Structures are given as C-alpha cells and as structure tokens.
Amino acid sequence: MTPERRVRLRREAWGFAIGSVFFAVGAVPFYADAVGAVVTNATFFVGAIFFTLAAFIQLALSGRRPARRGSDRAVRADWWAAVVQFVGTLFFNLSTSAALISVVNENARVGSGWRPDARGSVCFLVASALAVVATTERDRLWDPKARTWRCTWLNMVGSVYFGVSAVGAYVVPTTSDFVSLLWANLGTFLGALCFLAAALLSRRDIPAGYAPTPTGANSRLLDYVRRRGPRR
C-alpha cells in the first residue's frame, strides 16, 4: 500500500502567493475608489514585503554563496535567478515605500518611485529568463521539482506584464499624467495573477508523518557527533 501523502505549497511559494494577492487587489480600480489612496498604497507596500520574504527564502534555499565556476549551467542560472529576483523585490520595496510616504505626507520629499519600480521590473525579467535556463536541466538543481516549465513561463509572462505596468506608470513631466493609467493597473493585475498561479502550482507531495532529514553541512555535523559518542 502506498503511503498516504499530502500536497502543500513550497515554503517560498506562500510569500509569492500572498504578495501576488495584495498586488492584484491593489490594482483593481474599484478597490482603490472604495478604500482611498493611503490604504491602496499600503496594500502594495505589504505585498512587496511578502515578495521580498519569499525571494529571500528562495535565495537561502539555493545557497547563500555564489555557484562555483565549475558547476553546471543550470545550477549557476538557478542561483543568479534567485539573487536578481531578490534585488528586484528590494526595488519594489523602495517604490511602494516612496508612493506610500508621498500619499501620507504630500510635503515629504522621497523622490520618484518610478525608477526603482522600473528597475525592479527589469530584475524580474532577467530573473525569469535565468529561471527558464535553469529549467532546461532540472535534474541538476538542488531540488529537481523546485522549478517547472509551467511555473517559470508563468513568471516570465508576469514579469512582462509588470514591465508594461512600469511603463504605463511613468509620469510625463510636462503634463504630470501617467503614460497609461489603464496599463499601469492592468499590467500589475495580470502580472500578479501570473505570479499567483505560478506560486499555487509550485507544490510538492509530502508523505504523512514526514520528518526532514539533515543534508549537507548539517548531515556531516550529525555524523561527526555520532562518531564521537556522548560526552563523559
């Protein structure tokens, strides 16, 4: 009899899923009209924090140190995708913080939030492209199921929509108007839905009663302690 298994989201997927929901809700015009500018910008601010937390978890799982030169191309692409993605979330933290502060205090001088927003979108595009490269040789990654074709391409499409949103959100200096308010909101909404779908599809089967086993450095440390035996 096969052991009972349960399906759950990956650890980093929770943050991406929650952050995507916040971004999708914040981009809905009816929501913005109902709650006001402060709450709307606070929604994006909180969503960006969840993105950053999730990206940090993914980077930690991929390894804190850069992949070695002699490592496989997929391993290097996977690590750099996590790094660039994490940097991109930090740019979104800056843009959402600037927008929130500007709404709360009109006299606050925090600069334009568009530049970090555009740079964050570029980082997401680069990270998505690297993730696609990493998916070509999944069996060589730290977790072969960590990246799948459907998830990496969903993230790529979401990154493209975020890029379109960044262009639409650019404020023309001569008129103080957005290039396209429609695409600023629609690009964010569609991009967030793509990220949400990718996060929800990033699942793994966990056996009932599963207990994680030590790997890597932790495993070597445990073996060393066992060989030495109890202290006297």
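Student: What makes Phe162 count as buried in this predicted model?

Tutor: Phe162 has a relative accessible area of 4%. Buried means under 20%, so Phe162 is buried.

Student: How do you know whether Phe92 is buried or exposed?

Tutor: Set its value against that cut-off again: Phe92 has a relative accessible area of 4%, and the limit for buried is under 20%, so Phe92 is buried.

Student: Why is the pair of Phe92 and Phe124 called edge-to-face?

Tutor: Happy to walk through it. Their ring centres are 5.2 Å apart, and pairing asks for centres within 6.5 Å. The planes stand at 70 degrees, and over 60 counts as edge-to-face, so the name fits Phe92 and Phe124. The two residues are 32 apart in the chain, with Phe92 in helix H4 and Phe124 in helix H5.

Student: And what makes Phe92 and Phe162 an edge-to-face pair?

Tutor: Here the ring centres are 5.7 Å apart and the planes are at 75 degrees. With limits of 6.5 Å for pairing and over 60 degrees for edge-to-face, this pair is edge-to-face too. Phe92 in helix H4 and Phe162 in helix H6 are 70 residues apart, so the pair links distant parts of the chain.

Student: Which aromatic cluster do these rings belong to?

Tutor: One that includes Phe92, Phe124 and Phe162, with Phe16 and Phe195 also among its members.

Student: Why is Cys151 counted as buried?

Tutor: Cys151, which lies in helix H6, has 10% relative accessibility. The cut-off is under 20%, so Cys151 counts as buried. Beyond its neighbours within four places in sequence, Cys151 is in contact with Ala198, Leu201 and Ser202.

Definitions and conventions:
Residues are numbered from 1 along each chain as its sequence is written. This is a predicted model: local features need pLDDT of at least 70, side-chain atom pairs count only at pLDDT 80 or more; totals for chains, interfaces and linings use all residues. Side-chain values use heavy atoms; hydrogens and water are left out. Rings of Phe, Tyr and Trp (its six-membered ring) pair if their centres lie within 6.5 Å; planes under 30 degrees apart count as stacked, over 60 as edge-to-face and the rest as tilted. Helices (H or I, at least four residues) and strands (E, at least two) are DSSP runs, numbered from the N terminus. Buried means under 20% relative accessible area, exposed over 50%, partly exposed in between (1.4 Å probe, protein chains only). Contact means heavy atoms within 4.5 Å.
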